[in-house]
Amino acid sequence: MTCVAPTPDTWMPLSDSFIGFTSRSVDSTLSCPTSPADATQSLPPLHKFIQQTTHGAKISAEILVASLIYIERFKKALPSGALGEYGTSHRIFLAGILIASKFLDDKPLTTAKLIQVIGTRWSSKEINRMERAFLDFLKFQLWVDSEEILEYISHHGIELNMEI
């Protein structure tokens, strides 16, 4: 499946309910502390971070669904009882959308563009490490076809206007 990257004229903001679903899905991937050990490393709440990132990077619904499928695969690959650290959910989300966009979009989101959107919380090198670790858990199995997307949407009750 190849997606056509949205242009500024065709991109539509994702609904708050879709952002909320994404936030809950990502947050349930692993148990993580909700506050940093060092107050200088604070991140926005995950829901707000996802909303700002998808809006700033103009992430399409198709890419977000594909990233949720990847995140579900990632969760299944985690060892039993795995725990994350503060900010792990944010990093999983970023790795998921970057990989989905790079694999499925004709004009994918780049690490440089992502850093413009999210700021310098993480360096390019750190984001590349996030992607690599995520890909390792997925064993580089990135193929997502229309049927799998439709099944995911049907299973989770997401109602979107999507051309597949």
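This passage describes the helices of a predicted model and how they pack against one another.

The protein contains seven helices and zero strands, so its elements, read from the N terminus on, follow the order α-α-α-α-α-α-α. Of its 164 residues, 47% count as buried. Among contacts with a separation of 6 or more, 81% join residues that lie 24 or more positions apart.

Helix 3 is a good place to start. It covers residues 61–77, and a rise of 1.5 Å a residue predicts a span of 24 Å for its 17 residues; the C-alpha atoms at its ends are 24 Å apart, which agrees. Helix 3 is also largely enclosed by the rest of the structure, because 12 of its 17 residues are buried. The buried set comprises Ala61, Glu62, Ile63, Leu64, Val65, Ala66, Ser67, Leu68, Ile69, Tyr70, Ile71 and Phe74. And what surrounds them? The buried residues of helix 3 pack against helix 1 (16–27), helix 2 (46–56), helix 4 (88–104), helix 6 (124–138) and helix 7 (146–156).

Two helix pairs deserve a closer look, and a pair of packed helices is described by the angle between their axes and the distance between the axes. For helix 1 and helix 2, the axes come within 9 Å and cross at roughly 125°. An angle of that size lies outside the range of 65 to 115 degrees that counts as roughly perpendicular and is not over 145, and the two helices are therefore oblique to each other. Their crossing is right-handed. On the helix 1 side, the contact involves Asp16, Ile19, Gly20, Thr22, Ser23, Val26 and Asp27, and these meet Leu46, His47, Ile50, Gln51 and Thr54 of helix 2. By character, the contact residues of this pair are four nonpolar, six polar and two charged.

The second pair is helix 5 (residues 111–118) and helix 6, whose axes come within 10 Å and cross at roughly 115°. Helix 5 and helix 6 are therefore roughly perpendicular to each other, and their crossing is right-handed. Helix 5 contributes Thr111, Leu114, Ile115 and Ile118 to the contact, while helix 6 supplies Ser124, Ile127, Asn128 and Glu131. Here the contact residues divide into four nonpolar, three polar and one charged. The spacing within such lists is easy to follow with a helix in mind: an α-helix has 3.6 residues a turn, so residues three or four places apart point the same way.

Methods:
Residues numbered from 1 in each chain as written. Predicted model: local features only at pLDDT ≥ 70, side-chain atom pairs only at ≥ 80, totals over all residues. Heavy atoms only, no water. Helix = DSSP H or I, 4+ residues; strand = E, 2+ residues; numbered from the N terminus. Expected span 1.5 Å × (residues − 1). Buried < 20%, exposed > 50% of the residue type's maximum accessible area, 1.4 Å probe, protein only. Contact = heavy atoms within 4.5 Å. Axes fitted to C-alpha atoms, helices over the stretch in contact; angles between N-to-C directions. Parallel < 35°, antiparallel > 145°, perpendicular 65-115°, else oblique. Left-handed = near helix turned anticlockwise from the far one by under 90°. Nonpolar A, V, L, I, M, F, W, Y, C, P; charged D, E, K, R; others polar.
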